[in-house]
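Work through these exercises with the sequence and the model side by side. Try each task before you read its solution.

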Amino acid sequence: MKRLLTAAALLAASSLVAVQGAAADDAALIKSAESAAPAGVASGAAIHAMDEKGNMRTLREGTNGFWCMPDVPATPGPDPMCGDANAMEWATAWIQKKEPPKGKVGFIYMLAGGSDASNTDPYATKPEEGNNWVETGPHVMIVNAMEMMQGYPTDAKPDTSRPYVMWAGTPYAHLMIPVK
C-alpha cells in the first residue's frame with residue numbers, strides 16, 4: 001500500500017511540476033508577446049501562440065481588440081508582434097495563401113524588431129540568391145492598404161531605416177515603418 005501511495009504521490013508531483021513548467025513557459029510566451037507593442041496595447045491584448053504544427057493556442061483572452069504573438073524561436077531574429085483584428089485577417093490570408101480581405105486596413109506593431117526576411121518573397125524561409133533578404137529593427141506595419149502605399153519605395157533592396165514597401169507586387173504588400 002505504501003508503494004502505491006508513493007507512486008501516486010510521485011505521479012501527482014510530476015504532474016504538478018509539468019503544470020507549473022507549462023505555466024512558466026506560458027508566462028515567458030506572454031512576456032515575449034507583450035514586448036511587441038506599447039504597454040497600453042499589449043496589456044489588454046489577446047495572446048496567441050502557435051505550436052510546431054501551426055495550431056494556435058490562446059494563452060490569454062483580450063479586452064481591447066488587439067492580439068499579440070510571441071517570438072518564434074525557429075526564426076533568425078526576434079519577431080513578436082501585436083496587431084488589430086484587420087491585421088489578423090490579413091495575416092491569416094497570407095499564411096493560408098489566400099486573397100486578403102477587401103477594404104480592411106490593418107496595423108501591426110513589432111517594437112522588439114523583426115526577424116530577418118525576404119523583402120520580395122512572402123514565403124521565403126531562408127536567405128537565397130535573389131530573394132533579397134533584409135534585416136529589420138523595431139517597426140510598425142500598415143497592411144492591406146495597397147492604394148495608400150503610392151510614393152513609398154518598392155526597391156528589392158530597401159533602405160530599412162526609412163519607410164518602404166515589403167513584398168511589393170504581391171497581394172501581401174505592406175508598408176514597413178521603422179520606429180528607431
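**Exercise 1. In which loop does A173 lie?**

Solution. This is a predicted model.
Step 1: Place the residue. A173 sits in the loop between β9 and β10.
Step 2: Check its burial. Buried means under 20% relative accessible area. A173 has 2% relative accessibility, so it counts as buried.
Step 3: List the contacts, leaving out residues up to four places away in sequence. A173 touches N144, M146, M149, V165, M166, W167 and A168.
Step 4: Take one of these partners, M149. A173 and M149 are 24 residues apart in sequence. Their C-alpha atoms are 9.0 Å apart in space.

**Exercise 2. Find the partners of strand β5 and decide how enclosed the strand is.**

Solution.
Step 1: Locate β5, which covers residues 106-110.
Step 2: Look for the pairing with β4, residues 81-84. β4 and β5 are antiparallel and share two bridges. Here G83 stands opposite I108 of β5.
Step 3: Look for the pairing with β8, residues 139-143. β5 and β8 also run antiparallel, joined by five bridges. Here F107 faces I142 of β8 as its opposite residue.
Step 4: Judge the burial. Four of the five residues of β5 are buried, so the strand is largely enclosed by the rest of the structure.

**Exercise 3. Which residues touch the most other members of the largest nonpolar core?**

Solution.
Step 1: Recall the background. In soluble globular proteins, nonpolar side chains tend to be buried together.
Step 2: Name the residues. The core has 16 residues, and W90, I108, M141, V143 and M166 touch the most other members.
Step 3: Trace the core to its elements. β3 (66-69), α3, β5, β8 and β9 (164-166) each give two or more residues. The largest share, three residues, comes from α3.
Step 4: Separate this core from its neighbour in the list. Another core, of 14 residues, lies apart from it. Its members include I30, A37, I47 and Y109.
Step 5: Follow M166 outward. Neighbours within four places in sequence are left aside. M166 then contacts A117, S118, N119, V134, Y172, A173, H174 and M176.

**Exercise 4. Describe the largest pocket: its volume, its lining and its chemistry.**

Solution.
Step 1: Give the volume. The largest pocket holds about 1400 Å³ of space.
Step 2: Count the lining. There are 48 lining residues. V72, T75, D79, M81 and W94 lie nearest the centre of the pocket.
Step 3: Find the main contributor. Helix α3 (residues 85-95) gives the largest share of the lining, six residues.
Step 4: Sort the lining by class. It has 28 nonpolar, 12 polar and eight charged residues.

**Exercise 5. How many cavities of 30 Å³ or more are there, and what lines the largest?**

Solution.
Step 1: Count. There is one cavity of 30 Å³ or more.
Step 2: Give the volume. The largest cavity has about 40 Å³.
Step 3: List the lining. T136, G137, P138, H139, T160, Y164, M176, I177 and P178 line this cavity.
Step 4: Find the main contributor. Strand β10 (residues 174-178) supplies the largest share, three residues.
Step 5: Sort by class. Five lining residues are nonpolar, four are polar and none is charged.

**Exercise 6. K97 and N144 each have a positive phi. Which is buried and which is exposed?**

Solution.
Step 1: Take K97. K97 is not a glycine, yet its phi is about 55°. K97 is in the loop between α3 and β5.
Step 2: Apply the cut-off, over 50% for exposed. K97 has 57% relative accessibility, so it counts as exposed.
Step 3: Take N144. Its phi is near 65°, again positive in a residue other than glycine. N144 is in the loop between β8 and β9.
Step 4: Apply the cut-off, under 20% for buried. N144 has a relative accessible area of 12%, so it is buried.

**Exercise 7. Where is G77 found, and how far is its C-alpha from that of G114?**

Solution.
Step 1: Place the residue. G77 is in the loop between β3 and β4.
Step 2: Check the burial. Its relative accessible area is 15%, so G77 is buried.
Step 3: Compare sequence and space. G77 and G114 are 37 residues apart along the chain. Their C-alpha atoms are separated by 6.6 Å.

Note on methods: Residues are numbered from 1 along each chain as its sequence is written. This is a predicted model: local features need pLDDT of at least 70, side-chain atom pairs count only at pLDDT 80 or more; totals for chains, interfaces and linings use all residues. Side-chain values use heavy atoms; hydrogens and water are left out. On a 1 Å grid over the protein atoms alone, a cavity is a set of points where a 1.4 Å probe fits but cannot get out, and a pocket is an open set with protein on both sides within 12 Å along at least five of seven lines; lining residues have an atom within 4 Å of a point. Grid points are joined across faces, edges and corners, and a volume is the space filled by probe spheres set on the points. Ala, Val, Leu, Ile, Met, Phe, Trp, Tyr, Cys and Pro count as nonpolar, Asp, Glu, Lys and Arg as charged, and the others, Gly among them, as polar. Buried means under 20% relative accessible area, exposed over 50%, partly exposed in between (1.4 Å probe, protein chains only). Two strands pair if DSSP finds at least two bridges between them. A nonpolar core is a set of buried Ala, Val, Leu, Ile, Met, Phe, Trp, Tyr and Cys residues joined through side-chain atoms within 4.5 Å. Contact means heavy atoms within 4.5 Å.
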